[in-house]
Amino acid sequence: MRASRLLSVLLLLQSHGRLTAAQLAERLAVSPRTIYRDVESLHAAGIPLYGEAGHTGGYQLVDGWRTRLTGLTAGEADRLFLAGLPGPADELGYGDVVAALQLKLHAALPAPLRDRATRLQQRFHLDTPGWYADGDASPELARTAEAVWRQHRVEVRYRGWNGEVTRVLEPYGLVLKGGRWYVVADQPGRGAPATYRVNQILALTPLAQEFDRPADFDLPAWWREHVVQFRARLHRDEAHVRLSPAGRERLREVGSDPVVTAMDSSAGPPDARGWVTAVLPIESLTHAHGDLLRLGADVEVLTPVALRERLAATAAGLAALYSPA
């Protein structure tokens, strides 16, 4: 525990330049007296660390001194944060670099931590795609990532909702969501980034033109807001339904979180057969038709009438198809 804290003190000073004992104590959730002892230990270990008194004082490392991980290259350092995501890193074309980085990190650890890291790799595995999809297979993912990194414009031929279009894009960042890659990009002069499915990029041509990425653009914050807005637009209507006990359990398995929450909050008391009436949010008649068909005869749509009629027509067609000759 103390060794870990000493390393944290060292890395904090390396990252921030100068910090007071109080600032270090606050960041590490210890007392300033503990920081004083830690600084003495670092001194004894030969770390070139010194302190200055006064209002602008604090501890800092001798200029130019930095810790180094054995043989860490610039490319490996750039991709350090992908080290825990070997699958996505491989999709981006960084698989070999991340593998080399993991080996160097493993070699740099002391024996107890190295053994712990090995046990973690043997016991925990992250598989980002869902059960029924292998994720995106896009020949343009690596080149899209390169354009994001170098801040180069690209010309893409893209398959959108209304057919194929050609766009010049300024790619701000890549996001992996549910095993699918999205590029957040702006069109020159538009000033409003949008999302594009990378596997819908049919052709990509890198352009020599660089662009200025907005200094205040925060990709995680923008994406969180985008998800909130997407979910708000997703369910624009509602359906009144009756659900059997089996239908409720099935809906928990196949329904989205907002749908399941709406079912639980709106369900009335069960009748003699255990069926309940509930109100479910729906995106459109087409989407609701496909989603509710998954519940089979364990759901009955009461309204809207158009949705009820669609399901009835489908049921009649299935009955005719499977009826005995």
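Ala29 lies in the loop between α2 (21-28) and α3 (32-44), where helices (H or I, at least four residues) and strands (E, at least two) are DSSP runs numbered from the N terminus. The model is predicted, so that local features need pLDDT of at least 70 and side-chain atom pairs count only at pLDDT 80 or more, while totals for chains, interfaces and linings use all residues. Residues are numbered from 1 along each chain as its sequence is written, and side-chain values use heavy atoms, with hydrogens and water left out.

Most residues other than glycine have a negative phi, and most peptide bonds are trans. Ala29 has a positive phi, near 60°. The helices on either side of this loop, α2 and α3, pack at an angle of about 105° with their axes 8 Å apart; axes are lines fitted to C-alpha atoms, for helices over the stretch in contact, and angles run from 0 to 180 degrees between N-to-C directions. α2 is therefore roughly perpendicular to α3 (angles under 35 degrees count as roughly parallel, over 145 as roughly antiparallel, 65 to 115 as roughly perpendicular and the rest as oblique). Ala21, Leu24, Ala25 and Leu28 of α2 meet Pro32, Ile35 and Tyr36 of α3, contact being heavy atoms within 4.5 Å. The residues of this contact comprise seven nonpolar, no polar and no charged; Ala, Val, Leu, Ile, Met, Phe, Trp, Tyr, Cys and Pro count as nonpolar, Asp, Glu, Lys and Arg as charged, and the others, Gly among them, as polar.

A second helix pair is formed by α10 (residues 245-254) and α11 (residues 257-266), whose axes come within 8 Å and cross at roughly 150°. The two helices are therefore roughly antiparallel to each other. Their crossing is left-handed (the near helix is turned anticlockwise from the far one by less than a right angle; clockwise gives a right-handed crossing). Arg248, Leu251 and Arg252 of α10 make the contact with Val259, Val260, Met263 and Asp264 of α11, a set that divides into four nonpolar, no polar and three charged residues.

Helices α12 (residues 285-293) and α13 (residues 305-322) pack at about 50°, with axes 10 Å apart, and are therefore oblique to each other. The crossing of α12 and α13 is right-handed. On α12 the contact involves Leu285, Thr286, Ala288, His289, Leu292 and Leu293, and on α13 Ala306, Leu307, Arg310, Leu311 and Thr314. Seven of these residues are nonpolar, three polar and one charged. Pro304 is found in the loop between β11 (299-303) and α13, and is joined to Thr303 by a cis peptide bond with omega of about 0°.

The structure holds one cavity of 30 Å³ or more. A cavity is here a set of points, on a 1 Å grid over the protein atoms alone, where a 1.4 Å probe fits but cannot get out, and lining residues have an atom within 4 Å of a point. The largest cavity contains about 40 Å³ of space; grid points are joined across faces, edges and corners, and a volume is the space filled by probe spheres set on the points. Its lining consists of Thr144, Val154, Val156, Leu169, Pro171, Val183, Ala185, Ile201 and Leu204. The elements giving two or more residues to this lining are β4 (152-160), β5 (163-177), β6 (180-186) and β8 (201-210). By class, the lining residues are eight nonpolar, one polar and no charged.

Technical notes:
1 Å grid on protein atoms, 1.4 Å probe; cavity = no way out; pocket = protein on both sides within 12 Å on 5 of 7 lines; lining within 4 Å.
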